[in-house]
Amino acid sequence: MDSVLLHGEAEGYIQSLEKMSLRDIGSPRWFRQHEYIEKLNMQAILNASANQEEFIKDLFVSLGKIPTLVHAMILTEVWKHKVFPIFCKLKDFNPNSTFLLYMVIHHEATIINLLETIMYHKESSEAAGDSVLDLVDYCHRKLTLLAGRSVSGEIPTGERITHTQLSDTASVQDLQRQSDMLEFEISIKALSVLCYITDHIESLNLSVLSRMLCTHNMPCVLVQLVEHCPWKRGALEKYTEGKWRTVLPEDQLKLSKHDGQLWMALLNLLLKPDCQRKYDFNSFNKTQLLKLRGFLTEVVIDQLPNLLDLKHFLSQLAVTDPAAPKKDLILEQVPEIWNSIVTENSNKWKAIAKYQVTNVFNPSESELREQACRLAQTYNLDVMENLIPDEPKCGACGRTGAKRCSRCQGEWYCNRECQVKHWPKHKSACKLMAEAIQKLQEEPKISS
């Protein structure tokens, strides 16, 4: 299958996106919007692999829906910080399925992945309008967390669950651990988005530049990431394409995509004329930036020749004291999304959690079957296989899968023994998915 969505379908999905309240998260209306965003994300990934990502980008730009996307992402972030921890403390909350909770936790990752694709283009940054400020703040929160965890050695080492492994998640507490692993992946995506924003900094509001350089001191945050390299584990493993992978000896010095984006963001923030005029090269900042000289080796510069300019700049910075930036009296915009969500729901977190426990996250058997049916429709197996670069893995032992479960078509096994061993865990999910697929075959059109 070459396409997930037709142009008209994608336009309809994007046009229907709307801003929701914290209380709406997990509702049927929210779940329908989640489906749309998932399908748009898959379309963007599929098009990007064929160098046709402008299809989705152009629609988001023309319809003015990038701010809505940013709002949905930050709304989910607030929910995960303020409401989800309350769920995890409830000893008597044992839902029939954690499927919907997983969808909410995964929602933020879906949106940041979609933004990573469309924000590559200058037009997207401009169309985001004032929400770029909120996006800069979002990236700063994620990268500060990533740097802090890297310094303390708290980078997750496991693999997060997928949509076909939901039956393995026995409790809300297990989902909390999966959320922590997903947070690492989200932070990596935030680095990509920040890099693209710095690429187009000249065409954005001056408040965006001030926010990155003065308010958040983003260059020093990025220096921390260069020092501790959170996507590298020892000399033998790197985090690439969503997984920890063993690095061949001949590739150990090769820069990863994340390394390249990190260096390019630094290059933009330190060498672009507007940035140099705005940034304060005081003694602390200067000391931090000069640490980069130890990482600008010949091997690194050979892979990113533009870094030679950065090396020369740092050599000059070491022997000079740049003048402090002029403090002009200007009116600056401030980000609003996070603050407005928190202010609107202040002192309501427990009430929201109680409402959602009762009315949203403990679905009946029929509701669960309907959700599974929609899941089977959204995550079309043929399309998903085209997006996965690796060979399928055995659900029991992790080796290369040779045969798929004939009933649900959603899990792979290397042999019959592994399938039998994994059946107690896979049974409930297999039943739901098989019934959903059967229903889809009987009713191709499911009303939304």
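Trainee: How much of this protein counts as buried?
Mentor: Of the 448 residues in the protein, 50% count as buried, and please keep in mind from the start that this is a predicted model.

Trainee: What is it built from, in terms of helices and strands?
Mentor: The protein has 21 helices and five strands. Among contacts between residues at least 6 apart in sequence, 76% join residues at least 24 apart.

Trainee: And how much surface does the protein expose?
Mentor: About 21700 Å² is exposed, and carbon and sulfur atoms supply 51% of that area.

Trainee: Since it's predicted, what is the mean pLDDT?
Mentor: The mean pLDDT of the protein is 82, with 81% of the residues reaching 70 or more.

Trainee: Which elements have the lowest and the highest mean pLDDT?
Mentor: Helix H20, residues 381-387, has the lowest mean among the elements, at 44, while H4 has the highest, at 96.

Trainee: Where does pLDDT stay under 50?
Mentor: One such stretch is residues 381-389, for which the model has 13 contacts beyond four places in sequence, and another is residues 443-448, with 10 contacts of that kind. Where pLDDT is low, the predicted coordinates should not be read in detail.

Trainee: Changing topic, how many salt bridges turn up in the whole structure?
Mentor: A search of the whole structure finds 18 salt bridges. One of them pairs glutamate 18 with arginine 29, whose closest N and O atoms are 3.0 Å apart.

Trainee: What does that pair tie together?
Mentor: Glutamate 18 lies in the loop between helix H1 (7-16) and helix H2 (28-49), whereas arginine 29 belongs to helix H2, so the salt bridge ties together parts that are 11 residues apart in sequence.

Trainee: Are those two buried, partly exposed or exposed?
Mentor: Glutamate 18 counts as partly exposed at 34% relative accessibility, and arginine 29 is also partly exposed, with a relative accessible area of 30%.

Trainee: Which residue does glutamate 77 pair with?
Mentor: Glutamate 77 forms a salt bridge with arginine 141, and the closest N and O atoms are 2.8 Å apart. This pair links distant parts of the chain, with glutamate 77 in helix H4 (residues 66-82) and arginine 141 in helix H8 (residues 131-152), 64 residues apart.

Trainee: Is glutamate 77 buried or exposed?
Mentor: Glutamate 77 is buried, because its relative accessible area is 2% and the cut-off for buried is under 20%. Its partner arginine 141 is partly exposed, at 25%.

Trainee: What about glutamate 237, which residue does that one bridge to?
Mentor: Glutamate 237 forms a salt bridge with arginine 233, with the closest N and O atoms 3.0 Å apart. Glutamate 237 counts as partly exposed at 25% relative accessibility, and arginine 233 counts as partly exposed at 25% as well.

Trainee: Which residues do salt bridges with shared partners join into one network?
Mentor: That network contains Glu77, Lys80, Glu108, Arg141, Lys142 and Glu183.

Trainee: One last region, helix H14: which of its residues are buried?
Mentor: In helix H14, residues 283-290, the buried residues are Asn285, Lys286, Gln288, Leu289 and Leu290. They pack against helix H11 (218-228), helix H12 (257-271) and helix H16 (307-319).

Trainee: And what caps the N-terminal end of H14?
Mentor: Asparagine 282 does, with a side-chain oxygen that lies 3.2 Å from the backbone nitrogen of phenylalanine 284.

Terms used:
Residues are numbered from 1 along each chain as its sequence is written. This is a predicted model: local features need pLDDT of at least 70, side-chain atom pairs count only at pLDDT 80 or more; totals for chains, interfaces and linings use all residues. Side-chain values use heavy atoms; hydrogens and water are left out. A salt bridge is a side-chain nitrogen of Lys or Arg within 4 Å of a carboxyl oxygen of Asp or Glu. Helices (H or I, at least four residues) and strands (E, at least two) are DSSP runs, numbered from the N terminus. Buried means under 20% relative accessible area, exposed over 50%, partly exposed in between (1.4 Å probe, protein chains only). pLDDT is the predictor's confidence in each residue, from 0 to 100. Contact means heavy atoms within 4.5 Å. A polar contact is a pair of N or O atoms within 3.5 Å; within protein, one must be able to donate a hydrogen and the other to accept it, and residues adjacent in sequence count only if both atoms are side-chain atoms. Accessible areas come from the Shrake-Rupley method with a 1.4 Å probe; for residues, only the protein chains shown count as cover.
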